[in-house]
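Biologist: I've got the model up on my screen, and I'd like to know what's behind the labels you put on it. Can we go through them one by one?

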Amino acid sequence: MAGTNGPQGLSVSGHIPQRGAAGWAAKPDPWRQPDKGKRRRTVTGSFLRLVQAMLAFIIRRVIQSFIVLLAMSVIVFAGVSALGDPVEVMTSPDSTQADREATRIAMGLDKPLPVQYWRFLSGALSGDLGKSFAYGAPAVDLILERMPATFELAIAAMLIAVVLGIPLGLWAGLKPDSIAGKTIMTGSILGFSLPTFWVGLMMIMLFSVHLGWLPTSGRGETVTVLGLKVSFLTRDGLVHLLMPALNLALFKLSLIIRLTRAGTQEALLQDYVKFARAKGLAPSRVVGVHVLKNIMIPIVTVIGLEFGGVIAFAIVTETIFAWPGMGKLIIDSIAVLDRPIIVAYLLVIVIMFVLINLIVDVLYSVLDPRVRLASE
Amino acid sequence: MSRLRELRWFARRMAAAVTVVAALGAASAAPAAAQELRVAMSSPPNSMDPHFYNLFSNINVSEHVFESLIKMDADSRIIPSLAESWKLVDNLTWEFKIRPNAKFHDGSDVTADDVAWSIDRTSTIVNSPGKFDVYTKAIVKKVIVDPKTIRLITATPYPLMLSDLTSIFVVSRKATEGLSSDDFSSGKGMVGSGPFKFVSFARDDRVELVRNDQYWGPKPAWTKVTLRFIPQPATRVAALLAKDVDAIENVPTADLKRIRDSKDLAFFSKVSHRVIYLNLDQREKTPFVTDKDGRAMEKNPFRDQRVRDAMTISINREAIKDRVMEGLAEPTSNMVPATLFGHVPDLKVPKYDPNAAKKLLADAGYPNGFNLTLHGPNNRYVNDEPILQAIASMWTRIGVQTQVAASPMADFSSRVGIRRKEFSAWLLGWGAQTGEVSSPLRALTACENADKGFGTNNGMSYCNPEADALLEKGLAEVDDAKRLKLFQDAVRLVIKDGAFIPIHQQVTTWAARKGIDYVPRTDERTYAHNFKPN
């Protein structure tokens, strides 16, 4: 799209050989090494160069990510330590002062903050992000146990948003003045503005209580695939997945509809569309191949970046629909001040965002041949 | 395309989508077997190990699979469970006879050795924020007389033995030896003697149980039970209305009318052991009380008896019950409800009298009142914040200009305790898990004493040595009649002092589809075996 900059870290440059300020008129410098003959541009050669560039890019990114993670861990740790007293919240009401002191020591909360952080850091470097105060189990295990459920919900939501959003957006873009087009745009405004919480409850009232079509909450039957429990392979699971996924998808759906519509309307004004039409190509080909491909890049970028947001929004949806995922775990942990889980969850989220950004950037360079992963 | 054609095309597509959704979801609601019960609970357990954490939701689930020697009936009175009888051999020795026909789910007998193992196991739990050994600490020695008789010996006379034992579940030594608390989630060690057998546990989702047909007690009506965890109140009610579950606990106040008026639903309620109360700071200086100009005051007004009396008689508890709690509260001046040990029947709720309150304030030297910030939680007790607002408006009417500062329990509980003591007046609740008044007396109003374990939750720095002496004597008195009198006298002193102001006992609510009855419990617990078809 016109005027779009590439994602950060990349340069959208044409590959024009630089010859200095004088350009083509400059004489070659006699002191420079002569070209050792024109190197043959082989396929393997360019492929290796690409791989080398990508590797360098990824390594640079990984180092940056470590710095981000470290900074995050400090911020999160400090923030969470200011949040009240876990011992007072969790301890048995009939316990004595001595019991509470013992619990405090067992949780490591009697030590000064820097010592606590140091203990956490040394554990973190070997993959141990602490033991949950409330569950007693390692925080990472608890989060990973719940991750499949959240990812299932998030991926289902993104699928709904993309599979419904792009066609609807295209339609609204191709026929902006039709009833369908106007309905779609009004619907997308509603999707943006209505709060997820309220929409979820309304969906439950409508589809479960009044119509009785779908179950109110919870996750359906699960099957174990590759060690992960998934529920979309059973009918019962799908039926339970539908409403929460739809609820979660609403916001992203609206976003994608509006993006696609805007992209379509702009693309339709471009010269290549006029040329394709003049050539006599079928309208479906013009839209389905040429227009779609050209608007995909910003949409893919947004989808990728928004995926992290879907995981974050999942907290609300999981609470309403009693979906046993990570989001519910974090909300419950915040309520009882289960610090190890809060810290571990936030770090896991940071890692996820970093990974997603990395993939999106790499994907961007693959999709758009004009982009190079160089730091020029 | 013409507009009309377009519209029809669009409408047909939408209808198709809707039909798909409807077809997909058809027949997803009704239960499979006629004897299956699905209950929606309001908070999920975090472990299946009955000894892991003294948490309400954990205990509630454990009560289905496991049993203790003693249990509490629906009115929180002590009744036999695995122990069919007991006696005091001497002041320090309790002898329990285990039921001869009590068996574990794997067919083995429940023996005294298992009881001893279970008592020991509570102190071996690691990584728990609240172990059950608070209830076994008093037992210094165990003597196994024969496979069905055990003697528990204490260092000093310990009348709380019976109520403490209600919290200690008996597990099979054979099945649980060498297991960690995590192992229980997959079913290992889930061998109890209770009315239901464990099938599966999906964290934060559900627990599945089947009936124990070899149960020594009355057989439950249900062959299969699913306990689902739906903390969000609106979703829980929706699940009941949509027939996804057969019963729910803790009906939210907003839906009470709808549920009580519904012809398809049955509603149950019972006064809970949880008392909602106010505390008035008793320190020399208090942070959140200022004079009318906003300046800090020389003296803490709450140290004056007349001011404390004024504060309590200016609260219209009946109005709070009717308007805020929709009739579901029992105004009280006691620390425990009527069926619990230590209730004082002659302690009446103070009469609402704002004029007398104003006069008392004037007598105490505050004719124009003063300014106050009232603190409390906003997500812990039923209607906690509305109650705070109501009390604030009642106090403002007598001249004590009150504003409310409510915060989530996690934040509030950290600041109100004896370590930080940040507030001047606040609202809290207390449920006597041991079924007697010694629990709140010891934790809430006893003078702070870390050696004795007194005043652990006494954030108001209140201290009445006379009441404490009575409490201590009562804690060592094995004769129930004498003990009752000692506790009642202590309660009378504490309530008269007026720093601890009870408002009401909470009422717990349950709802079920028509055709099911529930025997409601004072301890707020929800047991599948207490649901019966009618």
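Modeller: Sure, starting with a helix pair: α5(A) passes α8(A) in a right-handed crossing. One caution is that this is a predicted model, where local features need pLDDT of at least 70 and side-chain atom pairs need 80 or more, while totals for chains, interfaces and linings use all residues. Residues are numbered from 1 along each chain as its sequence is written, with chains lettered from A and ligands numbered from 1 in the order in which they are written.

Biologist: What makes the crossing of α5(A) and α8(A) right-handed or left-handed?

Modeller: A crossing is right-handed if the near helix is turned clockwise from the far one by less than a right angle, and left-handed if anticlockwise. For α5 (residues 139-174) of chain A and α8(A), the axes come within 6 Å and cross at roughly 35 degrees. Those axes are lines fitted to C-alpha atoms over the stretch in contact, with angles running from 0 to 180 degrees between N-to-C directions. The helices themselves are DSSP runs (H or I, at least four residues; strands are E, at least two), numbered from the N terminus.

Biologist: Which classes of residue make the contact of α5(A) with α8(A)?

Modeller: That contact has 23 nonpolar, six polar and two charged residues. Ala, Val, Leu, Ile, Met, Phe, Trp, Tyr, Cys and Pro count as nonpolar, Asp, Glu, Lys and Arg as charged, and the others, Gly among them, as polar. Two residues are in contact if their C-beta atoms, placed from the backbone, lie within 7 Å.

Biologist: How do you know whether α8(B) and α10(B) are roughly parallel or roughly antiparallel?

Modeller: The axes of α8 (residues 305-313) and α10 (residues 354-363) of chain B come within 8 Å and cross at roughly 165 degrees. Angles under 35 degrees count as roughly parallel, over 145 as roughly antiparallel, 65 to 115 as roughly perpendicular and the rest as oblique. α8(B) and α10(B) are therefore roughly antiparallel to each other, and this crossing is left-handed. On the α8(B) side, the contact is made by Arg306(B), Val307(B), Asp309(B), Ala310(B) and Ile313(B). By class, seven residues of the contact are nonpolar, none is polar and three are charged.

Biologist: Is Asp204(B) buried or exposed, and how do you know?

Modeller: A residue is buried if 20 or more other C-beta atoms, placed from the backbone, lie within 10 Å of its own, exposed if 12 or fewer, and partly exposed in between. Asp204(B) has 23 C-beta neighbours inside that radius, so it counts as buried. Asp204(B) lies in the loop between β10 (196-202) and β11 (206-211) of chain B. Asp204(B) also has a positive phi of about 65 degrees although it is not a glycine. Most residues other than glycine have a negative phi.

Biologist: What makes Asn383(B) partly exposed?

Modeller: Asn383(B) has 19 other C-beta atoms within 10 Å, so it falls in the in-between range. Asn383(B) sits in the loop between β17 (371-377) and α11 of chain B, and has a positive phi of about 55 degrees without being a glycine.

Biologist: Why is helix α6 of chain B called largely enclosed?

Modeller: Because seven of the nine residues of α6 (residues 233-241) are buried. They include Thr235(B), Arg236(B) and Val237(B). The buried residues of α6(B) pack against α7 and α10 of chain A, together with β1 (36-41), β13 (247-249) and β20 (500-513) of chain B. Just after the helix, Lys243(B) takes a positive phi of about 65 degrees.

Biologist: What makes the 116 residues a nonpolar core?

Modeller: A nonpolar core is a set of buried Ala, Val, Leu, Ile, Met, Phe, Trp, Tyr and Cys residues joined through C-beta atoms within 7 Å. The largest one has 116 residues, and those with the most contacts inside it include Leu153(A), Ala245(A) and Ile248(B). Its largest share, 16 residues, comes from α8 (residues 235-268) of chain A. A second, separate core of 96 residues includes Val89(A), Leu337(A), Leu347(A) and Ile495(B).

Biologist: How many residues does each chain bring to the contact?

Modeller: Chain A brings 48 residues and chain B 52. On chain A's side, α7(A) gives the most, with five residues. By class, that side has 26 nonpolar, 15 polar and seven charged residues.
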